[in-house]
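Student: Please give me a close look at one part of this model. Start from a single residue, then work outward to whatever else can be said about the chain.

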Amino acid sequence: MGIFEPFRAIGYITSTVPFSVQRLGTETFVTVSVGKAWQIYNCAKLNLVLVGPQLPKKIRALASYRDYTFAAYGNDIAVFKRAHQVATWSRHNAKVNLLLLFGEQILSIDVGGNMFMWAFKGIQQNLAPIGHVMLEDKFSPSCIMHPDTYLNKVILGSEEGSLQLWNISTKQKLYEFKGWKSSICCCVSSPALDVVAVGCADGTIHIHNIRYDEEIVTFSHSTRGAVTALSFSTDGRPLVASGGSSGVISIWNLEKRRLQSVIREAHDSSIISLHFFANEPVLMSSSADNSIKMWIFDTSDGDPRLLRFRSGHSAPPLCISFYANGRHVLSAGQDRAFRLFSVIQDQQSRELSQRHVTKRAKKLRVKEEEIKLKPVIAFDFAEIRERDWCNVVTCHMDTAQAYVWRLQNFVLGEHILKPCPENQSPVKACAISACGNFAVLGTAGGWIERFNLQSGISRGSYVDLSERRSCAHDGEVVGVACDSTNTLMISAGYHGDIKVWDFKGRELKSRWEIGCAVVKIVYHRSNGLLATATDDLVIRLFDVVALRMVRKFEGHIDRVTDLCFSEDGKWLLTSSMDGTLRIWDVILARQIDAIHVDVSVTALSLSPNMDVLATTHVDQNGVYLWVNQTMFSGSSNIDSYASGKEVVSVKLPSVSSTEGSHKDSEKPDLNHLQFRDDFQNPHFHEKIPDLVTLSLLPKSQWQSLINLDIIKIRNKPIEPPKKAEKAPFFLPSVPTLSGQIVFEPSEISSEKRVAEGDELENSRSDLPQSQFLQLLQSSAVKKSFSVFTDYIKSLSPSTLDVELRMLQIIDDDNEQEPDTRPDLFPIELLLDYFIHEISCRNNFEFIQAVIRLFLKIHGETIRRQSNLQDKAKKLLEVQCAVWQSVDKLFQSSRCMVTFLSNSQF
């Protein structure tokens, strides 16, 4: 186990498995597959409502019924009730590729021609199939459907082009249709009895009467490719929708027997599923391009329009970066899309608009892909200017200009940045200054130019007069970066030359040679370190101010794909095509952790809070999230997680984030044992002098102690509870502080109760002490109050208030000597406890709240007793001394910040 533990994957919407639609009450839900997991969307807003657990293999077929979800993977079928797996059906000897919900049964068909019937009612008691049918040898099933009103009968389509009608009750083949000499891809039942629609691989759609084995009408797709999905409208319109392998959806009018409308470029890849909602003019489609779309037929000409959709990258992302303090991830993919993924709420993920792409493509009669910008190869942003003007700049593949984006409106900006119009070459690198006013671009021809982001106007170029050409570098500019004060600009050339420029004056200040080709650079503005990855697989760190190399990291055995600094600059994370992700400690100059994944990392980004790491991988369309264990576990010691020089093999995060990700699951979790030992044998680190230690309790817990009276008044009922007309029989009980209920006998006479009350009054002093007092006294004897502190920290504010009030002195006018009054002893112990805790500076804010509550309750008693007054004076002296030292540090820091920022607080 390493520092970063697999968490979950985002950006996956659907896969190449047909979805399953079901209606529960007034709502409709769709179940889709995402690789090895499945997820359910509510069709009202296409928001995610449930994610299933990870399965060992990729899902090949889906079916759903009420709370049950059936997923076929490999040779097995997993049965889920909600998100919990309740059974596994294992009888197939080949891969299962078809599932059909048939009443209260599930039909499953594998590639070997075996069809099993399963009953899922009372599934825990019976895991065996209730029936089995062996199909013919030269019949490869490709689709299955149940024709309406045909009892116990199903129709099977084959890759050979024939259709068969089977009775699953008698397990007999009733009829074989001759077919159309083309492989059958899909088959659906129509609202009209005895009529089905069959889609073939040659692009034809056959509306067929199965009762008389007669062809009613035949449609043919104008585009090449197979008919992959079909659906009939059930809202009274005589329509059938067909989807092809080219991503086009065609709407056919059955009355007029002609094509009614075509949704060109409905999807970027093959249509997987189509479904008309019951009695609604809404069509839902899914595709292999990782998207689900809903179309509504409400226009005057009858053409559908896009109602709502959910989509992710249809091609692997190329570069990513955290945005908005780690709440979002900016991602640019090979599908020419620039996306914003939400780490917290998946519904907020969206694609940034490239301004009327669909409308322009329709007007020019070209594909949307041809209108979109080319894939982004590099981008930079400045969050400080999000509300002012465009705050993101992107470089695109083989494009001689850079584009700006306004992230507040999720849209492409109005300015296009064109460096060096005389000698245009593709833009390869970009950077935005820390103030957010300037963008610096570097081109493949070695040209570096600065632009104003607000106006889009060029503000000068950086030229090295010593070069043969009038440019900044002799070769391609690999990367550019700006420091935090707009003093320096750093650039790197492909041939290994690093140059430092004066940002405002644009003069060359210094340069040095690495000695080999540079692949990528990353600059950390806070510590002034520049990290470079080169062709010799070595990571070098340079101090830009001192102009010398300060660190050198070796370990990767293949091309370095990406690198990034942590926000505090202490860690450097690097990824490589060798499948490893390594974490280097910049201060200690050594590798502290390394993990290996099956699919190489292509890009990575660490959130500003250092709690989440985002990665992209080869041929993977999603963004994978990893959590920093030091942030989310009991131990903050990095060495207990880090593997050092050893490389640990880890599986990629799953969509569901519920499964363990380690390959070697049989090994005991050594780190878990370490944490348990640390908990059982706590060790206390030395505190920094003159500082205080906080309790790490929630703010609401110790603030409630201060405002407990206000909370009680606010929660007081407006009117007394009304007595029930017919109260049910119950045993009268007496509640106690511990929460236990003591039942009170009801058959005791009133005289006996009075007598017992007198005895209890006389023996009150002999009652056993509460746990609060017992722990307080034992801690005072041992002169170690840690156990008592942990106990009162675990109490709720109201319980702690009751415990303190139980010590309240009722008879303050008692003339008895203080030494002979046992009821004053607990108050004296509590004062000693407060003096000890404040002297040790432990749990500072919690102890302050408890002292305030204590003095509010027992202040008058302390004022009347001289020995308690002495203790209170000592507590005041300790409190003043500790607070003055802490306040002095606050004032020093405040003065320093005020002086440096030249602002008044």
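**From one loop residue outward**

Tutor: Asp148 is partly exposed, with 39% relative accessible area. This is a predicted model, so every value here is computed from it. Asp148 sits in a loop, the one between strand S14 (141-145) and strand S15 (153-158). What does Asp148 touch, once its neighbours within four places in sequence are left aside? The contacts are Ser189, Ser190 and Leu193. Pro191 belongs to the same picture: the C-alpha atoms of Asp148 and Pro191 are 8.2 Å apart, with their positions 43 residues apart along the chain.

Now step back to the whole chain. The protein chain has 905 residues, and buried residues make up 49% of them. Its secondary structure comes to 13 helices and 59 strands. Take the contacts with a separation of 6 or more: residues 24 or more positions apart account for 46% of them.

Next, the charged pairs. In general, side chains of opposite charge can pair when their charged atoms come close. The structure holds 18 salt bridges. One of them joins Asp235 and Arg237, at 3.7 Å from N to O. Asp235 is partly exposed at 26% relative accessible area. Arg237 is also partly exposed, at 34%.

Another joins Asp464 and Arg511, whose closest N and O atoms are 3.5 Å apart. Where do the two partners lie? Asp464 is in the loop between strand S41 (458-462) and strand S42 (477-482), while Arg511 is in strand S45 (residues 508-513), so the bridge ties together parts that are 47 residues apart in sequence. Is Asp464 buried or exposed? Asp464 counts as buried, because its relative accessibility is 5% and the cut-off for buried is under 20%. Arg511, at 34%, counts as partly exposed. The pair is not alone: Asp464, Lys499, Arg511 and Glu513 are linked in a network of salt bridges.

A third example is Glu554 with Lys552, with 3.9 Å between the closest N and O atoms. Glu554 is exposed, with a relative accessible area of 52%. Lys552 counts as partly exposed, at 45%.

Now the nonpolar side. In soluble globular proteins, nonpolar side chains tend to be buried together. Here the largest nonpolar core has 38 residues. Which members touch the most other members? They are Phe772, Leu830, Phe834 and Phe846. Seven helices each supply at least two residues of this core: H5 (699-706), H8 (771-782), H9 (786-794), H10 (797-805), H11, H12 and H13 (866-901). H12 gives the largest share, 10 residues.

Take Phe846 from that group. Leaving out residues up to four places away in sequence, Phe846 touches Ser695, Leu697, Trp702, Leu705, Ile792, Lys793 and Leu800. Apart from this core lies another, of 24 residues, among them Ala37, Cys564, Trp571 and Val601.

Ile792 and Lys793 lead on to H9. The buried residues of H9 are Phe788, Thr789, Tyr791, Ile792 and Lys793. What covers them includes H5, H8, H10, H11 and H12.

Last, the pairing of H11 and H12. H11 spans residues 825-840 and H12 spans residues 844-864. How do they pack? The angle is about 150°, and the axes are 11 Å apart. The crossing is left-handed. From H11, the contact residues are Ile827, Leu830, Leu831, Tyr833, Phe834, Glu837 and Ile838. H12 meets them with Ile847, Gln848, Val850, Ile851, Phe854, His858, Thr861 and Ile862. The contact residues divide into 11 nonpolar, 3 polar and 1 charged. Leu830 and Phe834 are in this contact, and both are among the core members that touch the most others.

Phe825 also lies in H11. Phe825 is partly exposed, with a relative accessible area of 43%. Its C-alpha atom is 9.7 Å from that of Leu868, 43 residues away along the chain.

Notes
Residues numbered from 1 in each chain as written. Predicted model: local features only at pLDDT ≥ 70, side-chain atom pairs only at ≥ 80, totals over all residues. Heavy atoms only, no water. Axes fitted to C-alpha atoms, helices over the stretch in contact; angles between N-to-C directions. Helix = DSSP H or I, 4+ residues; strand = E, 2+ residues; numbered from the N terminus. Left-handed = near helix turned anticlockwise from the far one by under 90°. Contact = heavy atoms within 4.5 Å. Nonpolar A, V, L, I, M, F, W, Y, C, P; charged D, E, K, R; others polar. Salt bridge = Lys/Arg side-chain N within 4 Å of Asp/Glu carboxyl O. Buried < 20%, exposed > 50% of the residue type's maximum accessible area, 1.4 Å probe, protein only. Core = buried A, V, L, I, M, F, W, Y, C linked by side-chain atoms within 4.5 Å.
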